[in-house]
Amino acid sequence: EVIDMETFGQLLEIDDDDAHEFSKTLAFDYISQADTTFTEFDEALAKKDLKQLSSKGHFLKGSSAALGLQRVQQSCELMQHFGNRRDAKGEGPELSEEVALRKCAVLLVRLRKEQDEAKAWLTKFY
């Protein structure tokens, strides 16, 4: 599932009206933030900046979780771990910089696809 409907439903309950102005604003703010973050992901990867990849993964993880975008959230958590040179669970021996960057690069392709799906879902909903 692109979205966790329980989380998203809780967000909709906060809306004061049937136009969903509050949640709609959050969703489109998220989309804008995500677009900027993906540019920053690309820049960080080009600079081989693992700390920035981890930081941006952490940032987008929180925003996507608030909307129930579970696939994006999970992939962002992986980006956070790989950027910290850890395995997918955030554990284990430290990965080499080369291995961590390769994992981040592969993950970014998947994350971009998941973000496109999330954006399409949100846009269709609103």
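**A tour around helix α5**

Select α5 in this predicted model. Its buried residues are A100, L101, C104, L107, L108, L111, E114, Q115, A118 and L122. Color them, then look at what lies over them. The cover includes α1 (5-14), α2, α3 and α4 (70-83).

Next, check the length of α5. It has 29 residues, and at 1.5 Å a residue they should span 42 Å. Pick the C-alpha atoms at its two ends: they are 40 Å apart, which agrees.

Now add α3, residues 50-67, beside α5, residues 97-125. Two packed helices are described by the angle between their axes and the distance between those axes. For α3 and α5, the angle is about 25 degrees and the axes are 12 Å apart. Angles under 35 degrees count as roughly parallel, so α3 and α5 are roughly parallel to each other. Their crossing is left-handed.

Which residues of α3 and α5 meet? Show L50, L53 and L67 on the α3 side. On the α5 side, show E97, A100, L101, C104 and L122. By class, this contact of α3 with α5 has 7 nonpolar residues, 1 charged and no polar.

Last stop: I31, in helix α2 (residues 21-46). Is I31 buried or exposed? Its relative accessible area is 7%. Buried means under 20%, so I31 is buried. Set aside its neighbours within four places in sequence, and I31 is in contact with K119, L122 and T123. Finally, select D116. I31 and D116 are 85 residues apart in sequence. In space, they are 9.7 Å apart, C-alpha to C-alpha.

Methods
Residues numbered from 1 in each chain as written. Predicted model: local features only at pLDDT ≥ 70, side-chain atom pairs only at ≥ 80, totals over all residues. Heavy atoms only, no water. Axes fitted to C-alpha atoms, helices over the stretch in contact; angles between N-to-C directions. Helix = DSSP H or I, 4+ residues; strand = E, 2+ residues; numbered from the N terminus. Parallel < 35°, antiparallel > 145°, perpendicular 65-115°, else oblique. Left-handed = near helix turned anticlockwise from the far one by under 90°. Contact = heavy atoms within 4.5 Å. Nonpolar A, V, L, I, M, F, W, Y, C, P; charged D, E, K, R; others polar. Buried < 20%, exposed > 50% of the residue type's maximum accessible area, 1.4 Å probe, protein only. Expected span 1.5 Å × (residues − 1).
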